Amino acid sequence: MIPFEYRRAATAEDAVATVSARPDAAYLGGGTNLVDHMKLGVREPRLLVDVSRLPLAEVEETADGGLRIGAAVRNSDLAAHPLVRTRYPALSRALLAGASGQLRNLATTAGNLLQRTRCPYFQDVTTPCNKREPGTGCPAIGGYVRYHAILGASQQCVATHPSDMAVAMTMLDARVVVQDVDGTKRIPVADFYRLPGDRPDLDTVLSHGQLITAVELPAPPSGARSTYRKVRDRTSYAFALVSIAAEIVLESGGIASARIALGGVAHKPWRARQAEAALEGAEADVESFGRAAQAELAQARPLDGNEFKVELAQRTLVATLRTLTEEARR
């Protein structure tokens, strides 16, 4: 690990001004991802600006019945919050499916959103990687791809986004509140992440120095049922092969509305718009669920070695929708 400076920010404005003025600066929150990458040599910031003690650790109900979640709220605290558990069970379950209890006690909301891929080639500085060093190549193509993308990838990068929380946030139509030198902005989380294209080194639309201060969730639809399901190689501390965050509203035996996001399959949390469109107004039965899953995964482009993910994603989506339907009919 290279030598670096450390400063503790007094205010969000102070943090933004400091990092914006230094191209070699980075924000430090829980540090569960950044510090690991510094140890591996993946990242080498010369200045760390500690924002973990800023007053951004509250979960507050908004006037429209939604929630405002501070950037510094710990994952364990958010998962256990009564309003999250009752109104947004998919988010609570996604958080509990991520990492270990010790890491959840330290990891923050903003840090979780900003964590980087666990692609082994990205984390190994002895190998080329377009995400780490643009233009050097992508050894995952033709290499080990069990955990890699089947949707939205490019010839430049086939890595997947690792967050469970971000998948649930995408399904819930969350907005990321960002502060910079010009003021405050709100970015829909579905637009917050980028597909790799020819710039896989850019995970999000954030510019250097922009600071996440909160995430806002709209009120859930009346009668909505939501959940999160994660399929992984082992239950203890493993990243998703496929995960599903889903919400449905039933009306007169049919599906009035559906929101779905997939994890473990793309460079960003994948909003399943094709599946949602297929479900709206359809009967809430296995046949409808299967057609919706097939519609979404028809665009999949698996690699040699992760073809199994296509059927796994379809089956997991159908199973998740069945579970929600059974719950709603009880």
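**Close-up 1. The largest cavity and its 16 lining residues.** In this predicted model, C119, Y121, C129, C138 and A140 are the lining residues that lie nearest the centre of the largest cavity. The volume here comes to about 80 Å³. Sort the lining by class and you get eleven nonpolar residues, four polar ones and one charged. If you're hunting for further enclosed space, the structure has three cavities of 30 Å³ or more.

**Close-up 2. The second largest cavity, with a volume of about 50 Å³.** Its lining is made up of Q115, R116, T117, K131, T160, H161, P162, D203 and H267. By class, that works out as five polar residues, three charged and one nonpolar.

**Close-up 3. K230 in strand β9.** The strand covers residues 225-231. Is K230 buried or exposed? K230 counts as buried because its relative accessible area is 14%, and the cut-off for buried is under 20%.

**Close-up 4. Polar partners of the K230 side chain.** Zoom in on the side chain and you'll find a polar contact of 3.0 Å to the side chain of D164. A polar atom of the K230 side chain also sits 2.9 Å from the backbone oxygen of A97.

**Close-up 5. What K230 touches, leaving out residues up to four places away in sequence.** A97 and D164 show up again here, both being among the residues that K230 touches. The rest of the list is G98, A238, F239, A240, V242 and S243.

Technical notes: Residues are numbered from 1 along each chain as its sequence is written. This is a predicted model: local features need pLDDT of at least 70, side-chain atom pairs count only at pLDDT 80 or more; totals for chains, interfaces and linings use all residues. Side-chain values use heavy atoms; hydrogens and water are left out. Helices (H or I, at least four residues) and strands (E, at least two) are DSSP runs, numbered from the N terminus. Buried means under 20% relative accessible area, exposed over 50%, partly exposed in between (1.4 Å probe, protein chains only). A polar contact is a pair of N or O atoms within 3.5 Å; within protein, one must be able to donate a hydrogen and the other to accept it, and residues adjacent in sequence count only if both atoms are side-chain atoms. Contact means heavy atoms within 4.5 Å. On a 1 Å grid over the protein atoms alone, a cavity is a set of points where a 1.4 Å probe fits but cannot get out, and a pocket is an open set with protein on both sides within 12 Å along at least five of seven lines; lining residues have an atom within 4 Å of a point. Grid points are joined across faces, edges and corners, and a volume is the space filled by probe spheres set on the points. Ala, Val, Leu, Ile, Met, Phe, Trp, Tyr, Cys and Pro count as nonpolar, Asp, Glu, Lys and Arg as charged, and the others, Gly among them, as polar.
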